[in-house]
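Here is a friendly walk through one protein model, written for someone new to reading structures. Keep the 3D view open and turn it as you read.

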Amino acid sequence: MSVEKRFFGSSKNRDVYLFEIKNSSGASAQILTYGGALHRLVMPGRDGLLRDMVLGFDGLKGYEEDTSYHGRLVGRFANRIAGGLFTVNGETFQLSKNENHETCLHGGSEFSDAVWSAEAIGENVIRLAYKSPSGAEGFPGEMRAEAVYTLTEDNGLIIGYRAVCDQETPVSLTNHAYFNLNGTGGGDVLGHVLSINADSYTPTDEKSIPMGELRNVKGTAFDFTTPKAIGQDIADSDIQLVQCKGYDHNFCLSPRESGEPSACAYSPESGIVMDVYTDMPGVQLYTGNFLSGIKGKDGVPMDKHGGFCLETQFYPDTPNRPEFPPCTIKPGETFKSRTSFVFSVRNL
């Protein structure tokens, strides 16, 4: 195992670095200090060839101009907060409304556009840190956040998150990688086979805000309890799919037995399997519905459904939904979460 650091560019008058971790099988992960982005995640396929599992850009400019959060860390609160408003201890906070001037999406993009500090803390571990000042994007208190990326010898990528704040505040941190298990230039992901260990999901209104209901997936296009192709029901007439132009929904993860993944994706083409493990209560399935052909790595256009996201998280709009699993930490308390993406190969 080894870690290599090299210069990637300059942003906001700060140098941006790339850290690369490699294991003995040839798998590797590249992490940028810009947005804490997972820039490349290279894994072997059924044919033994190495493939890059995540969409992104060759250079820094692509990330700076991107509005789709490719590979980046998002926070302080991942996903949406209705009207950019929430109340803590009787005090209401107005956040940035960066989605259609109505909704706070992914914390107003602060974390994903920041240049994080970073260091290697072992032969296979990178730790990133960022200090968010009090009032940033409207959130209360000064928050100190960390994300730790670990590449394992058995081709797993583990992301551990920590945050503390000096005021009571909601927090939900995640990574917004777009996966394509066929690799760069691998076409759309509609043929990928997906399972999600969730008996319910949170349906949304026309602004993609949960309506408070936990709707059973059984008998609907949202049932991934048995593996099926992502594209099997994506064109269903369910208004939930119509208004989002595909899947962009939070799945309420069911209790898992030890060693049981929260989700699993498989590419019949490459043979690559990705098992997802998390201690968070929800996961957002997003199927790249608004990717519009912007050129990514190697000049390959990133078209609609060219990647899928599995963003582990608290449910969207949780700060305004006391019936959802709580997401608030008190001053001095530590938010902790851990998500693992474990790769293997399935032979025909």
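The report below looks at open and enclosed spaces, then at charged pairs, strands and one histidine.

**Spaces in the model**

Please keep in mind that this is a predicted model. Rolling a probe the size of a water molecule over the atoms shows where empty space is left. The largest pocket found here holds about 820 Å³ of space. Its lining is made up of 36 residues, and those closest to the centre are Thr-67, Arg-80, Glu-99, Leu-105 and Phe-290. Try selecting these five in your viewer to find the pocket.

Which elements supply at least two residues each to this lining? They are α2 (110–113), α3 (239–244) and β24 (282–286). By residue type, the lining of the largest pocket has ten nonpolar, 15 polar and eleven charged members.

There is also one cavity of 30 Å³ or more. The largest cavity has a volume of about 50 Å³. Leu-73, Val-74, Phe-111, Trp-116, Ala-145, Glu-146, Ala-147, Tyr-161, Leu-173 and Thr-174 form its lining. Two elements, β6 (73–74) and β13 (143–151), give two or more residues to that lining. The largest share, three residues, comes from β13. Sorted by type, the cavity lining has eight nonpolar residues, one polar and one charged.

**Charged pairs**

Side chains of opposite charge can pair when their charged atoms come close. In this model the count comes to 18 salt bridges. Three of them are set out here, with the distance between N and O atoms.

| Salt bridge | N to O distance |
|---|---|
| Arg-40 and Asp-52 | 3.2 Å |
| Arg-72 and Asp-113 | 2.9 Å |
| Arg-80 and Glu-99 | 2.9 Å |

Take Arg-40 and Asp-52, whose side chains meet in a salt bridge. Arg-40 sits in strand β4 (residues 38–44) and Asp-52 in strand β5 (residues 50–52), so this pair ties together parts that are twelve residues apart in sequence. Asp-52 has a relative accessible area of 9%, so Asp-52 counts as buried.

The next salt bridge joins Arg-72 and Asp-113. Because Arg-72 lies in the loop between α1 (60–65) and β6 while Asp-113 lies in helix α2, the pair links parts that are 41 residues apart in sequence. Are these two partners buried or exposed? Arg-72 is buried, with a relative accessible area of 1%, whereas Asp-113 is partly exposed at 28%.

Arg-80 and Glu-99 form a salt bridge too. Arg-80 is in strand β7 (residues 80–81) and Glu-99 is in the loop between β9 (91–94) and β10 (104–105), so the pair ties together parts 19 residues apart in sequence. Both Arg-80 and Glu-99 are buried. You have met these two residues before: they are among those closest to the centre of the largest pocket.

Salt bridges can also share partners, and in this way Arg-40, Asp-52, Asp-58 and Lys-297 are joined into one network.

**Strands side by side**

Now look for an open sheet of nine strands, with antiparallel pairing, in the order β11-β12-β13-β14-β29-β23-β22-β17-β20. Its edge strands, β11 (117–122) and β20 (228–229), each pair on one side only. Five bridges connect β11 with strand β12 (residues 125–132) in the antiparallel sense, and Ser-117 stands opposite Ala-129 in β12.

Another strand to find is β21 (residues 248–253): six of its six residues are buried, so β21 is largely enclosed by the rest of the structure. On one side are Asp-248, Asn-250 and Cys-252, and on the other His-249, Phe-251 and Leu-253. Strand β18 (residues 198–202) pairs with β21 in the antiparallel sense over four bridges, with Leu-253 as the bridge partner of Ala-198. Five bridges join β21 to β24, again antiparallel, and there His-249 stands opposite Leu-285.

**One histidine**

Finally, where does His-192 lie? His-192 is in the loop between β16 (174–175) and β17 (193–196). Its relative accessible area is 2%, so His-192 is buried. Leaving aside neighbours within four places in sequence, the contacts of His-192 include Asn-180, Lys-228, Tyr-266 and Phe-308.

Methods. Residues are numbered from 1 along each chain as its sequence is written. This is a predicted model: local features need pLDDT of at least 70, side-chain atom pairs count only at pLDDT 80 or more; totals for chains, interfaces and linings use all residues. Side-chain values use heavy atoms; hydrogens and water are left out. On a 1 Å grid over the protein atoms alone, a cavity is a set of points where a 1.4 Å probe fits but cannot get out, and a pocket is an open set with protein on both sides within 12 Å along at least five of seven lines; lining residues have an atom within 4 Å of a point. Grid points are joined across faces, edges and corners, and a volume is the space filled by probe spheres set on the points. Ala, Val, Leu, Ile, Met, Phe, Trp, Tyr, Cys and Pro count as nonpolar, Asp, Glu, Lys and Arg as charged, and the others, Gly among them, as polar. Two strands pair if DSSP finds at least two bridges between them. A salt bridge is a side-chain nitrogen of Lys or Arg within 4 Å of a carboxyl oxygen of Asp or Glu. Buried means under 20% relative accessible area, exposed over 50%, partly exposed in between (1.4 Å probe, protein chains only). Contact means heavy atoms within 4.5 Å.
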